[in-house]
Amino acid sequence: MFRRTFWFTAGAAAGVWATTKVNRKLRQLTPESLAAQAANKAIDAGHRLKEFALDVRDGMVQREAELGEVLGLNGHPDPELPTQRRIREIDGGQSGDNKQIKYIDNTTYSYNRNEDH
């Protein structure tokens with residue numbers, strides 16, 4: 001008698017457990033749930049892509065600063081030189097006399113033609 005009661009209870013518990021698992025899986029496979037999962041994954045991918053782009057930008061700024069130090073472009077020009085002579089010192093005297101070149105401190109404009117605009 002106890003054997004039958006034990007196996008009946010074990011079977012009922014297994015049935016409840018299996019039914020619960022199947023219902024959970026069915027709820028996960030509804031169109032609304034699939035759309036929500038896809039949206040969450042897209043948002044996560046966007047966040048990771050943004051973090052990657054910010055890391056690349058930080059690395060680029062750091063490398064530009066390192067190159068500026070090595071090439072001596074980060075130092076302030078001699079304040080006694082007029083603007084046109086400052087440019088000539090930076091260019092190595094390559095500037096033409098008829099060109100009007102303005103020296104801009106701390107410019108953020110990039111002259112890289114390969115950038116996306």
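How many residues does helix α2 have, and how far does the helix reach from its first C-alpha to its last? In this predicted model, helix α2 covers residues 31–71, which amounts to 41 residues. The distance from the first C-alpha of α2 to the last is 59 Å, close to the 60 Å expected at 1.5 Å a residue. Just after α2 comes Gly72, whose phi is positive, at about 75°.

Helix α2 belongs to a protein chain with three helices and zero strands. Read from the N terminus on, the order of elements is α-α-α. Burial in this chain can be put in one figure: 4% of its 117 residues count as buried. The accessible surface of the chain comes to about 11200 Å², and carbon and sulfur atoms account for 56% of that area.

Helix α2 also offers a good place to look at side-chain contacts. The count of salt bridges in the model comes to one, and the partners are Arg63 and Glu66. Their closest N and O atoms are 3.3 Å apart, which fits the criterion because a salt bridge requires such atoms to lie within 4 Å. Arg63 and Glu66 are three residues apart in helix α2, so about one helical turn separates them. As a general point, an α-helix has 3.6 residues a turn, so residues three or four places apart point the same way. Both partners fall into the partly exposed class: Arg63 has a relative accessible area of 46%, while Glu66 has 34%.

Next comes a nonpolar surface patch of about 420 Å², made by Leu67, Val70, Leu71 and Leu73. Among these residues, Leu67 lies in helix α2. With a relative accessible area of 38%, Leu67 is partly exposed; this value suits a patch member, because patches are made of residues with over 30% relative accessible area.

Aromatic contacts round off the picture. The structure holds one aromatic pair. The pair is formed by Phe6 and Trp7, whose ring centres are 5.0 Å apart and whose planes meet at 75°, so the arrangement is edge-to-face. The label follows because planes over 60 degrees apart count as edge-to-face. Are the two residues of this pair, Phe6 and Trp7, buried or exposed? Phe6 counts as exposed, at 54% relative accessibility, and Trp7 is exposed too, with a relative accessible area of 60%. These assignments hold because exposed means over 50% relative accessible area.

Technical notes:
Residues numbered from 1 in each chain as written. Predicted model: local features only at pLDDT ≥ 70, side-chain atom pairs only at ≥ 80, totals over all residues. Heavy atoms only, no water. Phe/Tyr/Trp six-rings, centres within 6.5 Å; stacked < 30°, edge-to-face > 60°. Buried < 20%, exposed > 50% of the residue type's maximum accessible area, 1.4 Å probe, protein only. Helix = DSSP H or I, 4+ residues; strand = E, 2+ residues; numbered from the N terminus. Expected span 1.5 Å × (residues − 1). Areas by Shrake-Rupley, 256 points an atom, 1.4 Å probe, with all protein chains shown as cover. Salt bridge = Lys/Arg side-chain N within 4 Å of Asp/Glu carboxyl O. Patch = residues over 30% accessible without salt bridge, like charges linked within 9 Å, V, L, I, M, F, W, Y side chains within 5 Å.
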